[in-house]
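Visitor: I'd like a quick walk round this one, with the cut-offs spelled out as we go. Can you put it up for me?

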Amino acid sequence: MTVPGTAVVVGGGTMGAGIAHVLLAAGTSVTVAEADAARAEAARGAVEASLRKAEERGKLDRPRREVLGGLSTVDDLAALPGDAELVVEAVPEDLGLKQRVLATAARACPDAVLASNTSSLSITALADGLPGERVIGMHFFNPVPVQALVELVTHGGLPAGTVATVRGYAEALGKTVIEVRDSPGFATSRLGVAVGLEAIRMLEEGVASAEDIDTGMRLGYGWPMGPLRLTDLVGLDVRLSIASHLEGALGPRFAPPELLSNKVARGELGRKTGRGFFDWS
């Protein structure tokens with residue numbers, strides 16, 4: 001098991017910065033691509049902050065400044081390193097946006113595996129019009145440096161060798177891999193969203209408080225975090241987007257509760273805005 005020598009992460013938000021962190025810590029040279037210079041600089045800051053926390057906790061094998069020596073940023077996808085072995089896109093959950101990013105990366109990095117960090121969009125659809133034998137789902141979990149799982153999502157045009165290569169990359173990063181056939185929501189989002197939506201409905205109906213619902217799942221079922229606090233961490237807007245997508249693909253059992261839609265409309269998106277189902281201020 002070896003990590004890629006050179007990798008690209010497109011999108012330097014929470015997930016992209018975390019993915020860059022684990023690749024850098026494992027010894028990969030990483031280029032983070034963003035839409036403009038200001039966002040690229042913010043992405044660098046996010047990676048630096050993540051690595052600083054890891055160093056303070058004794059979770060880095062090398063000095064932070066040495067690890068950061070492998071990081072570069074660009075604000076133009078045409079400037080991606082042509083020798084990249086792996087490209088991971090971590091841009092917002094928009095099919096057209098992701099397809100455009102992957103198409104540009106396919107041209108700029110002709111030998112790279114093209115991995116999408118999507119949590120719900122069809123990998124088959126993402127691969128349409130691209131060299132499908134290079135496209136795979138590589139779903140990391142937040143926070144990436146801490147969470148042990150990577151969900152690999154395969155499609156019909158994907159050779160076994162590509163799957164084996166990406167599995168090896170993930171395992172070399174210290175992750176446990178599950179392999180899932182391309183289907184709406186894959187395995188983790190489909191189950192996680194189903195539980196999260198039911199928890200929101202219970203809160204909406206006054207069955208119990210948010211704290212008690214979450215405590216019930218933590219102590220009764222051994223969850224490290226309750227479904228409502230997890231929704232706050234993921235982002236209510238992200239959960240609403242995934243639920244709406246799954247409702248269209250799988251039917252009304254994934255219809256977003258009114259409480260979720262209303263909170264998103266009010267800007268109560270969870271931890272990132274200071275308020276969701278809990279107060280994070």
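Guide: Before you ask away, this is a predicted model, where local features need pLDDT of at least 70, side-chain atom pairs count only at pLDDT 80 or more, and totals for chains, interfaces and linings use all residues. Residues are numbered from 1 along each chain as its sequence is written, and side-chain values use heavy atoms, with hydrogens and water left out.

Visitor: What does helix H1 reach from its first C-alpha to its last?

Guide: H1 covers residues 14-25, 12 residues in all. Helices here are DSSP runs of H or I with at least four residues, strands are runs of E with at least two, and both are numbered from the N terminus. The expected span is 1.5 Å times one less than the number of residues. That gives 16 Å for H1, and the model comes close to it, at 17 Å.

Visitor: How many residues of H1 are buried?

Guide: Buried means under 20% relative accessible area, exposed means over 50%, and partly exposed is in between, using a 1.4 Å probe and protein chains only. Among the buried ones in H1 are Met15, His21 and Leu24. H1 is largely enclosed by the rest of the structure, because the buried count is 10 of the 12.

Visitor: How many salt bridges does the structure hold?

Guide: Side chains of opposite charge can pair when their charged atoms come close. The cut-off is a side-chain nitrogen of Lys or Arg within 4 Å of a carboxyl oxygen of Asp or Glu. Glu89, Glu93 and Lys98 are linked in a network of such bridges. For the whole structure, the total is 13.

Visitor: Which residue forms a salt bridge with glutamate 66?

Guide: Glutamate 66 is partly exposed at 45% relative accessible area. Its partner is partly exposed too, at 27%. The closest N and O atoms are 3.5 Å apart, and the partner is arginine 62.

Visitor: Which strand does arginine 167 get tied to?

Guide: Arginine 167 pairs with glutamate 179, with 3.6 Å between the closest N and O atoms. Arginine 167 sits in helix H6 (residues 160-172), so the bridge ties together parts 12 residues apart in sequence, the other part being strand S8 (residues 176-181).

Visitor: And how far apart along the chain are arginine 229 and glutamate 211?

Guide: Their side chains meet in a salt bridge at 3.2 Å, N to O. Arginine 229 belongs to helix H9 (residues 227-234) and glutamate 211 to helix H8 (residues 210-221), so to speak distant parts of the chain, with a separation of 18 residues.

Visitor: Where is the cis peptide bond?

Guide: Most residues other than glycine have a negative phi, and most peptide bonds are trans. This one has an omega of about -5°. Its proline falls in the loop between strand S6 (135-139) and strand S7 (149-154). The bond joins asparagine 142 and proline 143.

Visitor: Is phenylalanine 186 buried or exposed?

Guide: Phenylalanine 186 lies in the loop between S8 and helix H7 (188-204). Its phi is near 55°, a positive value in a residue other than glycine. With a relative accessible area of 3%, phenylalanine 186 is buried.

Visitor: Last one: what separates the C-alpha atoms of threonine 73 and alanine 43?

Guide: Threonine 73 has its place in strand S3 (residues 71-74), and it is partly exposed at 28%. Alanine 43 is 30 residues away along the chain, yet the C-alpha separation is 8.2 Å.
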